[in-house]
Amino acid sequence: MKHQLLTLIFSVVIFSSCAVKAQQAESSKELFSYENHIVNGDTLNYRMLLPKDFDESKTYPLVLFLHGAGERGNDNKRQLAHGSKLFLNETIRDSLPAIVIFPQSPRNDYWSKLEADRSTKPITFKYKYNEAPTTAMALVMDLMDEMVAKPYVKTDQVYSMGLSMGGMGTFEIIYRKSEMFAAAIPICGGGDPASVTAYAKTVPLWILHGAKDDVVDPKLSLNMASAIISAGGFPKLTLYDFANHNSWDPAFAEPELLNWLFSNTKLK
């Protein structure tokens, strides 16, 4: 009986501790302000994290983070599910102060202009960069133009990151706005290999993917890396032999991930 009571008490303590940590994680996300960007009646919801002791008289790097398909919606919350903790880490906030933007794509839209055949596994994608961007992507590009024009943004340190659908969005936005970005990190994404000549020599990339990914074929990342090399670029490539589609978990655990990103500066 005593053993059962101790087990029960221990379980309650563990549960309470987990609940407190979950509450703290949710409350820390409130450091991201609730924002929206409206163009011609179309609305892009986004969350923004400012550096500690933000001072408009100073300048800061700007990071765009594009979420995956599962985080689409209009609650302006779901997009923080993956990646936000990376930027809320106190050590990161102290050592790498930056403005971080997490936009949210509506449920019926997509970052990248493409056709997806979901009858195959992995999904088959046909990219259409020659067409106008999706509404969500057009709104993101307009927002980024607006942000880069702010006097407190370091225009030589503007970065893009994204996972899955957001990894594809990252490949596409650095094609459409190659002059803007100093570096990019697409995770478990893919893109049009023919597009890389726009940025292969000017935008460093760290491409990450899980070799066991049965949702987005890892060959899509390999094809992009190969095309960049052929175009004269030198991408950093990490393929996790143990990871399926959620390769963002080991990617976010990379100790040098953000240090590498912020080490890159756009040449004027």
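In this short talk I will go through the fold of this protein as it appears in a predicted model, beginning with the whole chain and then moving to a few strands, helices and single residues.

Let me start with the overall picture. The protein has 268 residues, and buried residues make up 50% of them, while its secondary structure comes to eight helices and ten strands. If we take the contacts between residues at least 6 apart in sequence, 71% of them join residues that are at least 24 apart. The accessible surface comes to about 13,000 Å², and carbon and sulfur atoms account for 54% of that area.

I would like to turn next to strand β4, residues 99–104, where six of the six residues are buried. I99, I101 and P103 point one way from the strand, V100, F102 and Q104 point the other way, and all of these are buried. As a general matter, the side chains of a regular strand alternate between the two faces of the sheet. On the pairing, strand β2, residues 42–49, runs antiparallel to β4 over five bridges, and within β4 it is P103 that stands opposite Y46. Strand β3, residues 60–66, runs parallel to β4 and is joined to it by three bridges, with V63 having V100 of β4 as its bridge partner.

Strand β6 gives us another pattern to look at. Here F125 and Y127 point to one face and are buried, whereas T124 and K126 point to the other face and are not buried. The partner of β6 is strand β5, residues 114–117, which runs antiparallel to β6 and is joined to it by four bridges; E115, for instance, has K126 in β6 as its bridge partner. The two strands form a hairpin, with six residues between them.

Now to the helices, and to α4 in particular, which covers residues 135–148. Its 14 residues should span 20 Å at 1.5 Å a residue, and its end C-alpha atoms are 20 Å apart, so the span agrees with what is expected. The buried residues of α4 include A136, M137, L139, V140, M141, L143, M144, M147 and V148, and they pack against β1, β2, β3, β4, β7 and α5.

That leads to the nonpolar cores. In the largest core, which has 49 residues, L62, F125, Y199 and L205 touch the most other members. The elements that give two or more residues to this core are β2, β3, β4, β6, α4, β7, α5 and α6, and the largest share, nine residues, comes from α4. A second, separate core of 33 residues includes I92, Y159, Y240 and W260. To return to Y199, if we set aside its neighbours within four places in sequence, this residue is in contact with F171, I174, Y175, S178, L205, M224 and I228.

Two of those contacts, M224 and I228, are also among the buried residues of helix α6, together with P218, L220, S221, A225 and A227. This helix covers residues 218–230, has 13 residues, and reaches 19 Å from its first C-alpha to its last, which is close to the 18 Å expected. What covers its buried residues includes β6, α5, β9 and β10. At the start of α6, a side-chain oxygen of D217 reaches to within 2.9 Å of the backbone nitrogen of K219, and just after the helix G232 takes a positive phi of about 95 degrees.

I will finish with two single residues. Is K29, in helix α1, buried or exposed? With a relative accessible area of 14%, K29 falls under the 20% cut-off and is therefore buried. Apart from neighbours within four places in sequence, K29 is in contact with R47, L80, A81, S84 and L88.

The other residue is N89, in the loop between α2 and α3, which at 37% relative accessibility counts as partly exposed. A polar atom of the N89 side chain lies 2.8 Å from the backbone nitrogen of T91. Finally, N89 and S28 are 61 residues apart in sequence, while their C-alpha atoms are 9.7 Å apart in space.

Technical notes
Residues numbered from 1 in each chain as written. Predicted model: local features only at pLDDT ≥ 70, side-chain atom pairs only at ≥ 80, totals over all residues. Heavy atoms only, no water. Expected span 1.5 Å × (residues − 1). Buried < 20%, exposed > 50% of the residue type's maximum accessible area, 1.4 Å probe, protein only. Contact = heavy atoms within 4.5 Å. Polar contact = N/O pair within 3.5 Å; in protein donor to acceptor, adjacent residues only side chain to side chain. Areas by Shrake-Rupley, 256 points an atom, 1.4 Å probe, with all protein chains shown as cover. Pairing = 2+ DSSP bridges. Core = buried A, V, L, I, M, F, W, Y, C linked by side-chain atoms within 4.5 Å.
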